[in-house]
Amino acid sequence: MTPAPRFADRSYDSFGAFYRDVYGHAVSDLRRVGRVGATLVAATQQAGDWSDAPVPELVVTRLTTAPVRASMDLGAGRFSGTQLQGQFIVVAPAVATTILMDGRHGLTAIAIPYRSLLALAGTESGLPQDGDFGPLHTRYNQDCEVARLIGRLWTEAKSEFSHAALYADGALLQLAGALLRLRDRASRNASTVLAPWQAKRATAFLADNLASDVGLCELAATVGLSPYHFARAFKATVGEPPHRYLMTLRVERAKQMLAGTDEPVTTIAHACGFASSQHFAAVFRRLAGVTPTEYRRQARL
């Protein structure tokens with residue numbers, strides 16, 4: 001018999017209230033964003049049980065540090081394996097989770113009051129009324145658009161611009177749309193994905209060769225597939241093409257270096273595999289929503 005989730009018999013009126021009450025010692029930043037009252041949380045957690053109580057929000061939690069093995073049940077069945085940096089999980093409203101992490105890790109989470117999101121989106125948005133995004137609750141997910149929007153929401157939460165809430169509401173709607181698109185893509189491509197060992201090997205190869213010009217043929221050969229089949233299966237599994245995923249990894253590595261070192265931006269650009277500081281700045285701004293220099297300043301506030 002599968003044991004009941006740790007907090008199945010408890011409920012909170014918000015994800016922020018739950019995190020402050022139970023995991024407050026792990027929280028490094030907690031902010032509100034947008035008129036719908038979404039909550040952004042950044043935390044560093046040790047290995048152990050990090051299960052959640054049911055809350056009335058749709059919660060998207062993204063791993064921000066090195067890969068870590070985990071076992072989870074987000075209300076749609078248990079799954080386990082290595083969660084890669086940048087991958088995220090999606091928890092529907094009113095669902096208690098079981099989340100067991102095997103190592104120290106960092107995360108960011110965004111909790112969106114779902115009734116308010118439905119009202120903001122309108123009756124013809126196509127959003128599920130119960131917040132159930134199907135296959136997204138059964139796996140680790142990867143999508144560059146979701147990553148970009150979460151980064152933008154953090155930027156708006158820290159902004160003193162008088163219309164930041166309006167910008168944030170627009171980003172929240174785009175995030176909901178990105179999740180819908182990812183759900184539909186996952187449903188269509190369920191039979192054309194990489195095996196777990198193939199996904200782990202391919203993404204690890206990219207992470208180990210950030211500064212190299214990795215070709216599609218070389219990458220496909222690491223998992224024994226043709227370049228054509230590999231490219232389709234990689235996108236179906238990870239949520240973006242190999243080249244775009246590599247750009248995401250490079251930007252994540254650059255974020256770590258910008259926040260944790262005093263290396264010049266040009267040095268960081270070359271260390272992360274960018275041909276020039278101009279290319280680095282353009283890609284970084286597209287994925288992170290700010291320039292490298294702005295990111296460094298905000299990370300050290």
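**Exercise 1.** In this predicted model, find which strands helix 1 (residues 15-23) lies across, and state its angle to strand 2.

*Solution.* Start from helix 1 and look at the strands beneath its span: helix 1 lies across strand 1, strand 2, strand 4 (57-63) and strand 9. Then compare directions: helix 1 runs at about 25° to strand 2.

**Exercise 2.** Describe the pairing of strand 2 with strand 9 and the helix that packs on the sheet at strand 9.

*Solution.* Strand 2 covers residues 38-45 and strand 9 covers residues 105-113; the two pair in the antiparallel sense over 7 bridges. Within strand 9, Gly106 is the residue opposite Thr44. Helix 2 (residues 114-121) packs on the sheet and touches strand 4 as well as strand 9. The direction of helix 2 makes about 60° with that of strand 9.

**Exercise 3.** Give the strand order of the open sheet of 5 strands and identify its edges.

*Solution.* The order is 1-2-9-4-7, and the pairing is antiparallel. Strand 1 (27-33) and strand 7 (88-91) are the edge strands, because each pairs on one side only. From one strand to the next, the twist averages 15°.

**Exercise 4.** Classify the crossing of helix 10 (residues 277-288) and helix 11 (residues 292-299), and characterise their contact.

*Solution.* The two axes come within 9 Å and cross at roughly 55°. Angles of 65 to 115 degrees would count as roughly perpendicular and those under 35 degrees as roughly parallel; helix 10 is therefore oblique to helix 11. Helix 10 contributes Phe280, Ala281, Phe284 and Arg285 to the contact, and helix 11 contributes Pro292, Glu294 and Tyr295. By class, this contact has 5 nonpolar, no polar and 2 charged residues.

Key: Residues numbered from 1 in each chain as written. Predicted model: local features only at pLDDT ≥ 70, side-chain atom pairs only at ≥ 80, totals over all residues. Heavy atoms only, no water. Axes fitted to C-alpha atoms, helices over the stretch in contact; angles between N-to-C directions. Helix = DSSP H or I, 4+ residues; strand = E, 2+ residues; numbered from the N terminus. Parallel < 35°, antiparallel > 145°, perpendicular 65-115°, else oblique. Contact = heavy atoms within 4.5 Å. Nonpolar A, V, L, I, M, F, W, Y, C, P; charged D, E, K, R; others polar.
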